[in-house]
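Q: I am new to this model and would like a close look at one part of it. Which residues make up the largest nonpolar core of the chain, and where do they come from?

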Amino acid sequence: MNKTTLMLTLLMAVAPGMAISASVYKWTDANGITHFGDRQPVGANSETVNVRSGTSTGSGNNRPTAQQRLGELQEQQQEDAEKKQETAAQTARRKQRKANCETARSNLKVIESNARIRTEENGEMRYLNPDEIAEQRDKLEEVVAENCGAEDSK
């Protein structure tokens with residue numbers, strides 16, 4: 001009996017301390033009803049209530065809900081995917097510009113080094129006249145200027 005009395009006394013002495021240290025949350029639902037609980041509600045803003053003084057602090061209001069955090073995470077993932085896709089498009093554009101530059105420079109070198117240039121039209125081979133060669137040279141110089149210089153930001 002002595003042990004039982006001692007345990008009961010000890011329990012009664014410790015119980016108020018445990019109750020005071022526990023967190024109590026206060027929130028208002030969609031219908032305007034105020035609720036109190038020992039667990040923070042999901043999907044609602046809550047306040048922590050100080051059990052000793054009866055005052056509340058709005059620290060729970062600054063904390064985003066799980067749905068808000070999920071929405072923010074999804075937005076961030078979508079932005080990251082768009083950036084990655086944009087980077088892939090820029091890489092492809094840079095590679096295409098490099099290939100165009102090399103081809104145009106090679107063709108320009110051929111035009112400048114040869115006096116006679118042969119081309120195929122309608123299945124027949126013919127030589128370009130000096131005016132056609134000058135026209136082709138001008139076109140190739142434009143392609144070189146467009147693709148071999150610094151890339152424009154678009």
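A: Of the 154 residues in the chain, 12% count as buried (under 20% relative accessible area, with exposed meaning over 50% and partly exposed in between, for a 1.4 Å probe and protein chains only). The model is predicted, so local features need pLDDT of at least 70 and side-chain atom pairs pLDDT 80 or more, while totals for chains, interfaces and linings use all residues. Residues are numbered from 1 along each chain as its sequence is written, and side-chain values use heavy atoms, without hydrogens or water.

Along the sequence the pattern runs α-β-β-β-β-α-α-β-β-α, which amounts to 4 helices and 6 strands (DSSP runs numbered from the N terminus, H or I of at least four residues for helices and E of at least two for strands).

The largest nonpolar core (buried Ala, Val, Leu, Ile, Met, Phe, Trp, Tyr and Cys joined through side-chain atoms within 4.5 Å) has 8 residues, namely Ala104, Leu108, Ile111, Ile117, Leu128, Ile133, Leu140 and Val144. Helices α3 (66-113) and α4 (130-148) each supply at least two residues of this core. In soluble globular proteins, nonpolar side chains tend to be buried together.

Within the core, Leu128 can be followed further: apart from neighbours within four places in sequence, Leu128 is in contact (heavy atoms within 4.5 Å) with Ile117, Thr119, Ile133 and Gln136. For the chain as a whole, among contacts with a separation of 6 or more, 32% join residues 24 or more positions apart.

Elsewhere, Met7, which lies in helix α1 (residues 2-21), is exposed, with a relative accessible area of 57%.
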